[in-house]
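This report looks at enclosed and open spaces, at helix packing and at some backbone details. The sequence and the structure come first, and the description follows.

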Amino acid sequence: MRFKDSIDFQELTRKWHTADEKIHAVASWCDWKEDSSFYVAVKDNISVAGTLMQAGSHILEGYRPVYDATVISQLRKHGASVFCKSKMDELGMGDTGLNTGGTPILNPYDLSRITGGSSGGSAALVANGCCPLAIGTDTGDSIRQPASYTGTIGVKPTYGRISRYGVLPYANSMDTVGFFTTCIEDAAYALEILEGRDPKDMTSSAMLPGHYKRSLDSNLAGKKIGIFRSVMDTIKNPVFQKSFEDLIHHLEKKGAHLIWVDLDSKWLDLVDPVYKTIANAEACSNHACLDGLRYGLQPIENTVEESIKHARTTGFSSLVKKRFIYGAYSLYEENQKDLFEKAQRIRRQIVQEYRAALEDLDVLLALSTPDIAPEIAEMDRSGMQIESISISHLKLDNLAGTPSLSLPLGFKQGCPFGLCVRSDRFQEQKMFDIAKAIEEYTGFAGLCVEAI
Amino acid sequence: MDLYLHIGLEIHCELKTNTKMFSSSPIDYQASPNTLVQPFDVAFPGTLPTINQRAVELALRACDVLNCTIDSNLRFDRKHYFYPDLPKGYQITQAFHPLGKDGFLTINSQKILIERVHLEEDTAKLVHRDGYTSIDFNRCGIPLIEIVTRPVITSVEDACAFMAEILRLVTYLEISEGKMEKGQVRCDVNLSLSENPSDLGTKVEIKNLNSISHMRAALCYEVDRQKERIAHQHSIESQTRRYDEKEKKTVFLRAKNRKVDYRYMPDPNLPCVRLSREWIQEVLSKRPRTYQERFQQLTDKHRLSNRLAYDLLKQKEINDLYFEIVKYTRHFSVAANLLCADIRTWLKNHSGPILVKPEDIAFLINEIDLTIPYAKARGILKAGLEGKSIQKEWKAYQNLQLSSQDMDRLIQQTLAQNPKSVHDYLQGKDRALAYLVGQCMRLSKGNVDPQRAKDLLRRGIRNLERSTMDEEE
């Protein structure tokens, strides 16, 4: 669905309910207004006053925020109505859509496969044609990875573009509010609605807002397009390889200059460990407020200490608890130098190398994921493997705060897969321009599964 | 056996800002519990801190006066532990980069070294009742500065003097009301004894002392308690104790057997704020002057005697007014004397603020010996304190001044009534003139400017002398 599509409200609400029964993407329904300009799904880690917010975790059972996140006010200012909170992996820590504190989210293209995560619910709703826009968050790839698996456009803007006020944190130095749409034009417009300096968020950027939609220019002549060879060399799937090669030949034919980009594997191999160390430490710190005393799950035991222990033991899944342990461990005084501080230093180096490559380019291209969405039955649930660069390259944009999107490139076995287009900080216009050109080539504007 | 005493102080002082350190909640100590609470103060998920600029300004004043090196990069860290009065599960503080460090304060000619002065947020208030505890989040998030000395204080009296000076400093700097009893300034003391002066010994922490007299009693008790144990060859265990005011002794609270790891981490929600040298200078140039600085100014610049300066500095309200008044007049000692005598007396017998404007008091002072006598000025001032307009009173007095005709008549009358004095003056007894002035004042019921009367009397006597001489001729 696109912004410009006309809405039959009855038809739409019916579609929402049947879609949810099919893919289980809705965490809770909101009070929507009937005559709104458009309807938006919002990931369940973003506060909507009065509506239940669980963020996929039992520890927030029954919690209703008393205030709206800044992005919600901005959406409403432009005539939007939030119709539901979408399901997500617990507290933003997960990339499958399975650890939601309830039923798993199913991929609309193939119900035996995952959507990816942690913004799986938002991705699935847009893929299923339920709304033209769904809001998500991306800390490690949580928008772009599910976008690739669900054939949608998933945008993670520059860190600080969109206010984080009201967004349940995961790793504050990397959390970025982003969104899903089905076409680039809508994506460009969505960023205009959502971005802006927020005095309530000291990390929000004071950069002047852009006019991305009206400035969209898909002319490829003379554009410097980087091909991320370090990543593409790890892609073995022939369908994927062919799709990518066909694309870059097309780009060249249209006048773009292709530049091969290699980053030292010394740095690339460290992306995932550095990300995990920093993210787990920040997450463990951020979720120290979930102690079962003031909201959410509030068990009453004999002492305060017992209540806190009970809440946190039963309220968090073991996946999340594991992350907290790693995080706390890296922050112990005797470990900080070798773990947390070291990861920060390496992060700075990685970002320097990465941005040096981006500086000379308009965009850098690579496949978002090395394969289509895995089958649910085959998933390794432990979530603690170190990922190869074919997956972890998406995290470069979280470490560096650079803007990055995924848009559908092709299909394999009836399931979509995406292409990652990224630029240097605050260069979203370049990113949207090239993505528009690619969308014109694929013809996938407005792509979604037709609802049952 | 000689034992050496080592004391270090950790002082927390609530800053006098309108709103909290990281949220826009107002601060009001009289408010009902849990009525001044924003979502951030109870750590609802998704809330974010924003820095209170005024708190930084007030903290800078303290850093300056305690001679600290100021860090121009403002950075905050998280200190993690679980407790019901700490809703976020961490306190935002400045662990790695305090605003001020390596300062000192001189007490009894000794430089007490100050390790750090940093900003942080206060926790909620736990109120222990019979069988349960309630939490008031009004206090949660109020800005605090923490002042930490090195363990270089060597006597209980010095520790108490240091605390008294800190209370006075924060009051004069106007960063706090400085009331220990109200919990606005709290002090924890670390105390140890050792046989070797370069050794520190085992530290015992004494918490929550809410007055200097309690501090003195608690420390004296603790020193004796430890000396007793050492004398009997018992070891001192590292522990936290509190002072029991009823029993007048320190009481064991908890053991300090292992060091707590707070997993300090820089707060990613608060980017490093660069404070420019110009801004810091501007903030410091506008800060109120301390007691010592005021004393210097009164004695050096205004040339008041030490005695008068001390007198003036006895009450802050009095010397605050003094500094306002001397913006409009240069008669420093007159101003000081009026304040120490008349105004102070009035304040002692009346409650409520002084309603007279400093400009008006200064005006009055400037008119002394020009259009009004000193005594009259005091009278007008008293009227002003009681609510009358000083300008109107002064005007009224001017109008009462006798016309030159009336004046002449008065002079003649005085001279006629006191021929002996006239004769004495002519014989060279100057004191006789003063007597005549007094008589003149009496006759006029005080409505005459004595200087004017003196001049006219002198002239009058000369005229008499001349006319007598003429007669004789």
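A crossing of two helices is called left-handed if the near helix is turned anticlockwise from the far one by less than a right angle, and right-handed if it is turned clockwise. The model described here is a predicted one.

**Helix packing in chain B**

By that definition, the crossing of H13(B) and H14(B) is left-handed. The axes of H13(B), which spans residues 419-426, and of H14(B), which spans residues 431-443, come within 8 Å and cross at roughly 150°. Because angles over 145 degrees count as roughly antiparallel, H13(B) is described as roughly antiparallel to H14(B). On the side of H13(B) the contact is made by Ser421(B), Val422(B), Asp424(B) and Tyr425(B), and on the side of H14(B) by Ala432(B), Leu433(B), Tyr435(B) and Leu436(B). By class, this contact of H13(B) with H14(B) comprises six nonpolar residues, one polar residue and one charged residue.

A second pair is formed by H9(B), residues 358-367, and H11(B), residues 390-400, whose axes come within 10 Å and cross at roughly 25°. Since angles under 35 degrees count as roughly parallel, H9(B) and H11(B) are roughly parallel to each other. Here Asp360(B), Phe363(B), Leu364(B) and Glu367(B) of H9(B) meet Ile390(B), Gln391(B) and Trp394(B) of H11(B), and the residues of this contact divide into four nonpolar, one polar and two charged.

**Cavities and a pocket**

The count of cavities of 30 Å³ or more comes to six. The largest cavity has a volume of about 190 Å³; 20 residues line it, and those closest to its centre are Pro169(A), Gly46(B), Thr47(B), Tyr90(B) and Asn269(B). Tyr90(B) also appears in the lining of the second largest cavity, together with Phe40(B), Asp41(B), Leu86(B), Pro87(B), Lys88(B), Gln91(B), Glu121(B), Asp122(B), Cys140(B) and Gly141(B). The volume of this second largest cavity is about 80 Å³.

The second largest pocket has a volume of about 1,100 Å³. It is lined by 31 residues, of which Ser173(A), Gln344(A), Arg347(A), Arg348(A) and Pro268(B) are the closest to its centre. The elements that give two or more residues to this lining are helix H12 (340-359) and helix H14 (396-400) of chain A, together with strand S15 (265-266) of chain B. H12(A) gives the most to the lining of the second largest pocket, with seven residues.

The table sets out the classes of the lining residues.

| Space | Nonpolar residues | Polar residues | Charged residues |
|---|---|---|---|
| Largest cavity | 11 nonpolar | five polar | four charged |
| Second largest cavity | five nonpolar | two polar | four charged |
| Second largest pocket | 14 nonpolar | eight polar | nine charged |

**Backbone details in chain A**

Two backbone features fall in the loop between S3 and H3 of chain A, where Leu91(A) lies and where Ser118(A) lies, with strand S3 spanning 80-86 and helix H3 spanning 120-127. Leu91(A) has a phi near 55°, which is a positive value in a residue other than glycine. The peptide bond from Gly117(A) to Ser118(A) is cis, with omega near 10°.

Terms used: Residues numbered from 1 in each chain as written. Chains lettered and ligands numbered in written order. Predicted model: local features only at pLDDT ≥ 70, side-chain atom pairs only at ≥ 80, totals over all residues. Heavy atoms only, no water. 1 Å grid on protein atoms, 1.4 Å probe; cavity = no way out; pocket = protein on both sides within 12 Å on 5 of 7 lines; lining within 4 Å. Points joined across faces, edges and corners; volume = space filled by probe spheres on them. Nonpolar A, V, L, I, M, F, W, Y, C, P; charged D, E, K, R; others polar. Axes fitted to C-alpha atoms, helices over the stretch in contact; angles between N-to-C directions. Helix = DSSP H or I, 4+ residues; strand = E, 2+ residues; numbered from the N terminus. Parallel < 35°, antiparallel > 145°, perpendicular 65-115°, else oblique. Contact = heavy atoms within 4.5 Å.
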